Structures are given as structure tokens and as C-alpha cells.
Amino acid sequence: MENPIKECKQLQPRAIFGINGKVENGVRQHPITGAAIFPLGNKIAIADLKKNTQEFVAGHTNSISCLDVSKSGKYIASGQINHMGFRGYVIVWDYETRKEIGRHDLHKVKVQAICFTAEDRFVISIGGKDDGSVIVLDMQTFSPICRQPASRAISGNALTVRPLHNNPFFFVTAGDRHLRLWSILREQKKLYVQDVQLASKSRLFYCARIDKKDEFAYLGTGTGDIIKITLNCCDKDNVTHPGSSSGILGAFGTHNPRKPMGRDCNRYVNGVRALYVLEEGRLLIGAGDGEVQLVEERTDVPLISFRDYPGPTWPYLRTVKSTRVSGRISSFVRSTPEKFYICTDTNEIYTLNIHSWVLKLLRTCHAKAVYFITFPKNYAAVFATAGHESIRIWSSSRKQELLRIMVYNFNCAAVRFSQDGTSIVSVWNDGIIRAFTPITGRLIYAIPNAHNKGCSALAVASTGRFIVTGGIEGQVRVWKIEPYRQDLVGVLKDHSGPITSLCINNLDTEVISACTDGSCVIWDINRMTRKQVVTANTQFMSVLYFPTGVQILTCGSDGRIIYWMVYNGALLRELIASKKSSVNCLSMNATGDYFVSVGSDLHVKLWDYNSGDVVGIGSEHASSVISAAYSPCGKMFVTGSTDGSLIIWDVPEDYWGSQNTGDRPTYTLPKAQPKGKVVQSRVDSGTRLKPSPGENVNDLLKATPKDDICCVECPPCGKKETKGGDIFAECKIVPDITKC
């Protein structure tokens, strides 16, 4: 009798780590619920930071490039970037129902910036460099009413748009040598515009803010100074008062009292990227190098006295407080009168109390793609991810980052925990194998020149005596790991393309390698020979051994999941996981009852291994999913995508499978008698029955306080150790992420 087809359930995420911090002014806060609203790929994420819950609003066909929330909190407006030759959509959403209520596609390729005017009357959007137009959408009819070129022929593109607080018919656009004041005539469906007089100053404007009374506007520039202008706007037909115009008051920098007159003006490095106008004339400024300053205008010197200043930027601002974050600042969000959210392009959100001036890292995620995810053996409380320039260890229960190991300018292709939990082994695209301690992140050993074109895959034996690595050049290499010594045992050559995945069987006698050349090779580790080859018309992306080691599971670019027999390489079953896109990664639970597949179609699928049915599906990712890892407990799994986001999924209770009651593996190898002086090793080679008394991943949660991240910078591998020196000093352990 055939087994009945199991019901396909909707997978629910337990926690989501993700944010697109590269969108200028992309992070917003809802004025009523206090939820953070930000873009993540082609979806809008609405996150409750208190409950640590998150949901998505989907409707865009490509990455979101701009976002705004109305003052009343009823609406959300978003614009997207599209491929060359296609239209960029502007969509208006209803916040309560999370549904679309209006859209237009009048922009070409990209929507550069978007905003609501006062009283939620209009939505103003400006196009990118391929479009260059201003479009006004009427919120009463949810349709565009007028369109006009944003800039003159002699000036550059508009980069940002900012409405006035009290008048719904006015807004300001700024950009490359571009600063204009606009008024909307709804009945005539026209726009009146007036150029702001900037005297002889020419600037690239990144951001703009207007004070609460609509009298002055402050603009951050690419040269690192602040431009202050007076608006003088009240007449809709003439934009400003008859006989008057809006003009510049000055270009301001911060005053350095230690330097003489003429050289006492400091400007911000990499430009002013974010601004916020506070009470009593104070400004919160965010620079391109991560500098955050609270400044105020000087009262000891009148502004008119700077007319004879020798430089174009006047030292009219006094620094009150200063701090620094990692990455370029892209957004300032005022959560409470005292607390601000600061978002950076490294996809991190900080909270800053402007009174006590306490900076705290609130949310983090990878800045680029997550290439690999792994759990320790029989320990589901933490997991590690590999990405651009870093290895990060996360807590499954706390839903936060615990440890970050930085290796600048290189990507970590794969990371594994040793079976006893005393080390973290990783391979990098610079061709170096690095091992770290799991609590302090100290470098234990490094194997340079492991692969001449860079490493791409890694597998660690259960005994800890050897590791297997794969390279971009197509070679599989076996390394013997001993205390204070690592040796190359053998080089296995059969592939003609990059190795994408490696997996060792449960007896540590075989390793299988998957390659983009369309072949998977089963190698005998003891004899260093090839045992079996399976081929298919695809690029294999991932390969797995069944827990008993009798079958293997592969996936590739053709969207198929294939079962193979290890004994003779026979094809047993084919499953169609995706008809249009590739399947990028597979991960199986400890008992082999269920496995998960992820692909470029943004879907996460949970499969029954025996029946081949899809029993669960999730679609919360906003970009291609390229990595996945099943937890040892079988109750959850983690997936990572190309935009740097991580999602922890709950497995439905019906699909937990038979529980794996086995404890940690005990090694029954004969214990050799030591000869001479016994030297305590830094790496457990597997010859001891008890784990080393040093660091272990089991103690990571106890050693890491809540709401704290330990960031470690890995030293260069060519650096020689000094005798008698502190072994921890070279790693530069930085408890504070802001000083990293």
C-alpha cells in the first residue's frame, strides 16, 4: 500500500537577522506602533524590536531603493531599482492591511528617493540618473498628477527629496550641484520651481533636513561641511515671497580651538551622510567614516564676522559630543526624545542615547552573502556563519550575535566546528586554512598556501585527526592535524572545476566531493584513491551522506535533487525542487528522516526523505538562498541568503523525526604512552578521551554577557611570534565592536 502524501505546511520563522543598510534613509519607525520599517531585498520588513518579531510585505519585482512612512502612520511608500531598459515601480501600501493601494511605473530603471508631504497629501518621487524626473502622486486619487524634469541641463542629478513639515504643497530636492525649492499646484496639475541661491559654492548634497518651523534647511555635502539655507517660502504660485528668494547662509564646519585662525575649521571625512535637526539649534551629524557628532551653532561669534574668513567653510559649529560606529552611516531614526537608531551600510543598527551618550549595538547581520552555516556536534544552542571578511557565531536562544572573527579583505568559504567543540576550522579565498578558539576567537593555527587559487570547501573528521579541503582549482587535499603541526597527507585530482561541497561519512573512511564540472567523486581516505564517480548534466552545488553512509544526496543548477547509491553509484530517485532556478544547498537532520533544500527561487523547502514529498515551505527570504544547516536537535534549521540575512525556522512538531538519543561520540582509540616531557596541546587531536581543559563551544553562552559582542581581528599569517610574548596580544581582542 502506498504511503499517503503528507500535507505541506507553511514554515514559520523563529528569528530573522537582516537589514539593507545601504539604502539612504531606508530605516523608518512607525509613529504609533514603534515598529522599525526597512527594506530587505525586494520586500519591506516590519520588525517589532521589543518582541523580536518580523514580517514582510512583498510586491516589488526587484530590490527596493527607497522607502518612506507617512506622518500619520497609515501609509508606506517604496520605490525600486530595475534592470536597464525596464521601469521602476513606486508602490503605496496600507500599513494596517499590509496591502497595495496604488502604484505607477513612470520612472525609468530606478527610483532614487521618495517622501510623503505634510498631511499625507502627496507622494513625491524622483528618478535616478537614467530618468531624472519628479513625479507627484495624489493620495486622494492614488494616481500621479504631474511630471517634470528634476534638474536643469547644467546641473547634476537629484539625490534626495525632503518635504516641509507644515505646508503639504512644498518640498526640496538636492543632489549633484542641484538644490531647488518646489511648490505643487494640484488644480492646475503643475509644479513651480525656484533654484536656491548658493552664491559661488558648488556642492554634492547627500542629505537634507528642515527645522520644525520650516524656516531653515540643513544639507550634508560630499566635501564634509553643512550648508544652511533660508527658505522664505509661503506663496504657492511664486514659491517664495514676492521679491524674495531662498538663499544660502553659509557652509559650516566644526571649530577646532587648538588651531590658529584660518586653519581651525574641520570637515567630516567622506562627507556628511545623515543629518537630524534637534531642539535649540543642535544637530546630530553622521559622516561617511562612521563618525557621529552632536554639534551646536556657536553663540560667542556672530555669523557675519566670518565673511572675511579665508576658507569657503566657516568654523561655526561646536562639537558637544562625539562617538564612532563601524561603516558609513545611512540613516538616523528618532525612536524617543532621547534615543536614536543609527543604521550603517554594514547592515548594523545602533541605539544612541543623546543625553547619556551611550552607544549600543542593537541588531547585526552579514553585510554580504552568507556562504556557509554550521552547528556544533549535538549542540543546538549556537551556530556559526561564514561571510565576507568574518566568521560570526550566533545564539539560537538569545537571537543575537556572540562572537565575530574578522579577516579583512577576504571571504570565508566554509566553517566547521571540531567534533569535541574546542576549535573552529575555516577556509578562506586567500588559500589559507585558519583555526580559532570558540570563546575568545584566538588564532590557533594557520596553514598558508593550502590551495593556490583559494579554498572553497571544508570537511572535518569526527576524530579530529584530519580535515579535507577543496579548492577553486579543483583539487581535494587531506590534512593531518596534530598539536603544533599540520601536514599535507595527500592530493586528490580528478575534478576540472571549483569544488563546491565536501562531506565525510560516519566512519571517516570516505569523503565525497561535489564540483561544478558535473561530477561527484567518492574518495577512499585511507588509500587516497577514487572509489566511485557519479555524473549528471548539472553543476553540483551541494552533496550529503545519509547518516548511515549507504546513500548520498545531491543538488545542482538544474533544480533537481538526486538520490545515489554509494556502493555502485546507481541513481535511485530524482526530485524536481525547482523548474526555473538552481538548488544551492541541502541539509539533513541527524536521523535522516527529513532534509531541507534552498534555492535561487527564494523558497525554503522541507522534504520527507523516504517519500520524497515536500512537507513544509517558507518564502520569507528576499534574495537567493545559498546556505542552510539543520540543527542537531531536529527542531529548527537556519538559512542564509545573498543579501546577508539569516532566518531561523521552526520545524513543525510532526516533522521532528525520531529523536537522536546518542550523546557525544566517545573515542575508543588506543591511548599512546607519552615519552619524555608532556606538552599540553592547543588542538585536541582526538587521542584523548576527555576534551582539553581549554575553551569549548559549550561554555560560549556562559562566557558571553547578554547584549554584548566580542570582536576579534585575526593577525596576518606571515607574522612571527615573539618569544615570551603574550599569545593573546597579537589577536587584538576588542570587546567593544565600535572600536573594531
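Student: Is Arg98 buried, partly exposed or exposed, and what is the relative accessible area?

Tutor: This is a predicted model, and every such value is computed from it. Buried means under 20% relative accessible area, exposed means over 50%, and partly exposed is in between. Arg98 has a relative accessible area of 25%, so Arg98 is partly exposed.

Student: Where does Arg98 lie, and what is the value of phi there?

Tutor: Arg98 sits in the loop that joins strand E9 (87-94) to strand E10 (99-108). Phi of Arg98 is near 60°, which is a positive value in a residue other than glycine. Leu602 can be read in the same manner: phi of Leu602 is near 75°, again positive in a residue other than glycine. Leu602 is found in the loop between strand E51 (594-599) and strand E52 (604-608).

Student: How many helices and strands does the protein chain have?

Tutor: The protein chain has one helix and 58 strands. A record adds some labels to parts of the chain. The UniProt annotation "repeat: WD", from an unreviewed entry, covers residues 448-482, 492-533, 576-617 and 618-651.

Student: What is the strand content of residues 448-482 and of residues 618-651?

Tutor: Residues 448-482 are 57% strand and 0% helix, with the end C-alpha atoms 16 Å apart. For residues 618-651 the values are 53% strand and 0% helix, and the end C-alpha atoms are 11 Å apart.

Student: What share of the protein chain is buried, and how much area is exposed?

Tutor: Of the 740 residues, 58% count as buried. The area exposed by the protein chain is about 31,300 Å², and carbon and sulfur atoms supply 49% of that area.

Student: Why would nonpolar side chains be found together in the interior?

Tutor: The general idea is a tendency: in soluble globular proteins, nonpolar side chains tend to be buried together. Now the case here. The largest nonpolar core has 44 residues, and Phe383, Leu606, Phe637 and Leu646 touch the most other members. This core lies between domain 1 (25-195) and domain 3 (536-654), because both give residues to it. Apart from this core lies another one, of 42 residues, which includes Ala384, Val425, Val712 and Cys714.

Student: Which residues are in contact with Phe383, beyond its neighbours within four places in sequence?

Tutor: A contact means heavy atoms within 4.5 Å. With those neighbours left aside, the partners of Phe383 include Ile373, Phe375, Trp394, Val638, Leu646 and Ile648. Arg392 and Ser396 are also among the residues in contact with Phe383.

Student: How is a contact between residues far apart in sequence to be read?

Tutor: Such a contact joins separate stretches of the chain. Among contacts between residues at least 6 apart in sequence, 49% join residues at least 24 apart. Val23 gives one case: Val23 and Ser330 are 307 residues apart along the chain, while their C-alpha atoms are separated by 6.9 Å. Val23 is found in the loop between strand E2 (12-17) and strand E3 (28-29). Not counting residues up to four places away in sequence, Val23 touches Pro39, Ile64, Ser65, Cys66, Ser330 and Ser331.

Student: Is Val23 buried or exposed?

Tutor: Val23 has a relative accessible area of 6%, so Val23 is buried.

Student: What do Ile76 and Lys493 show about residues in strands?

Tutor: Ile76 is part of strand E8 (residues 75-80), and Ile76 is buried at a relative accessible area of 3%. Residues that Ile76 touches include Ile37, Leu67, Trp93, Tyr95 and Phe116, not counting those up to four places away in sequence. Lys493 belongs to strand E41 (residues 485-493), yet Lys493 counts as exposed at 61% relative accessibility. Leaving aside neighbours within four places in sequence, Lys493 is in contact with Gln475 and Trp523.

Student: How many disulfides does the structure hold?

Tutor: The structure holds zero disulfides. To be counted as a disulfide, two cysteine sulfur atoms must be within 2.5 Å. For Cys555, the nearest cysteine sulfur is that of Cys585, 6.7 Å away, and Cys555 is in no disulfide.

Student: Are Cys555 and Cys585 buried or exposed?

Tutor: Cys555 is buried, with a relative accessible area of 1%. Cys585 is also buried, with a relative accessible area of 13%.

Technical notes:
Residues numbered from 1 in each chain as written. Predicted model: local features only at pLDDT ≥ 70, side-chain atom pairs only at ≥ 80, totals over all residues. Heavy atoms only, no water. UniProt positions renumbered as here; feature names shortened; annotations may be inferred. Helix = DSSP H or I, 4+ residues; strand = E, 2+ residues; numbered from the N terminus. Buried < 20%, exposed > 50% of the residue type's maximum accessible area, 1.4 Å probe, protein only. Areas by Shrake-Rupley, 256 points an atom, 1.4 Å probe, with all protein chains shown as cover. Core = buried A, V, L, I, M, F, W, Y, C linked by side-chain atoms within 4.5 Å. Domains from an automatic or database assignment.
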